[in-house]
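Hi,

Here is the structure I said I would pass along. Have a look at it first, and my notes on what turned up follow underneath.

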Amino acid sequence: MINKLAWDVFKNTGSIDAFLELKNIEEIQKNMKVDENENNQSKWNSNFGK
């Protein structure tokens, strides 16, 4: 979704900076999801042996 938004902003404004900022936000969101999933899996594994 952010990918499409970033592309549309770039097409409408021609601003590569806006495009790159939105791409960075998308990367941050992906990293946050990975960290969240790892934390959840760690919690599940630590409770498994109880």
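Let me start with K11, which is exposed, its relative accessible area being 52%. Keep in mind throughout that this is a predicted model. K11 makes a salt bridge with D8, and the closest N and O atoms there are 3.7 Å apart. The two sit three residues apart in helix α1, so about one helical turn separates K11 from D8.

D8 has a second partner, K4. In that salt bridge the closest N and O atoms are 3.0 Å apart. Here the spacing is four residues, again within helix α1 (residues 2-13), so K4 and D8 are also separated by about one helical turn. As for accessibility, K4 comes out at 56% and counts as exposed, while D8, at 25%, counts as partly exposed. Put the two bridges together and you get a network of salt bridges linking K4, D8 and K11.

How many salt bridges does a search of the whole structure find? The search gives three. Besides the two on D8, there is one between K23 and E26, with the closest N and O atoms 3.1 Å apart. This one belongs to helix α2 (residues 16-48), where K23 and E26 are three residues apart, about one turn of the helix.

Is E26 buried or exposed? With a relative accessibility of 14%, E26 counts as buried, because the cut-off for buried is under 20%. Its partner K23 is at 28%, so K23 counts as partly exposed. If you list polar contacts, the same two residues show up there: the side chain of E26 makes one with the side chain of K23, at 3.1 Å. Once you set aside neighbours within four places in sequence, E26 is in contact with I2 and N3.

Now the aromatic rings. As a reminder, a pair of rings is described by how far apart the centres are and by the angle of the planes. The count here comes to three aromatic pairs. One of them is W7 with F10, a tilted pair at 5.6 Å centre to centre, with 40 degrees between the planes. Both residues lie in helix α1, three residues apart, which is about one turn of the helix. W7 counts as partly exposed at 43% relative accessibility, and F10 is partly exposed too, with a relative accessible area of 25%.

W7 also pairs with F19, and this time the geometry is edge-to-face: 6.3 Å centre to centre and 80 degrees between the planes. Since W7 lies in helix α1 and F19 in helix α2, the pair ties together parts that are twelve residues apart in sequence. F19 is buried, at a relative accessible area of 17%. Taken together, ring pairs join W7, F10 and F19 into a cluster.

A few things about the backbone. What does the secondary structure of the protein chain come to? The tally is two helices and zero strands. Helix α1 has twelve residues, and from its first C-alpha to its last it reaches 16 Å, close to the 16 Å expected at 1.5 Å a residue. Just after α1 comes G14, with a positive phi of about 75 degrees.

Finally, the totals for the chain. The protein chain has 50 residues, and 10% of them count as buried. It exposes about 4500 Å², of which carbon and sulfur atoms supply 56%.

If you open the model in a viewer, here are the spots I would click on:

- K4, D8 and K11, for the network of salt bridges.
- K23 and E26 in helix α2, for the salt bridge with its closest N and O atoms at 3.1 Å.
- W7, F10 and F19, for the cluster of ring pairs.
- G14, for the positive phi just after α1.

Cheers

Terms used: Residues are numbered from 1 along each chain as its sequence is written. This is a predicted model: local features need pLDDT of at least 70, side-chain atom pairs count only at pLDDT 80 or more; totals for chains, interfaces and linings use all residues. Side-chain values use heavy atoms; hydrogens and water are left out. A salt bridge is a side-chain nitrogen of Lys or Arg within 4 Å of a carboxyl oxygen of Asp or Glu. Buried means under 20% relative accessible area, exposed over 50%, partly exposed in between (1.4 Å probe, protein chains only). The expected span of a helix is 1.5 Å times one less than its number of residues. A polar contact is a pair of N or O atoms within 3.5 Å; within protein, one must be able to donate a hydrogen and the other to accept it, and residues adjacent in sequence count only if both atoms are side-chain atoms. Contact means heavy atoms within 4.5 Å. Rings of Phe, Tyr and Trp (its six-membered ring) pair if their centres lie within 6.5 Å; planes under 30 degrees apart count as stacked, over 60 as edge-to-face and the rest as tilted. Accessible areas come from the Shrake-Rupley method with a 1.4 Å probe; for residues, only the protein chains shown count as cover.
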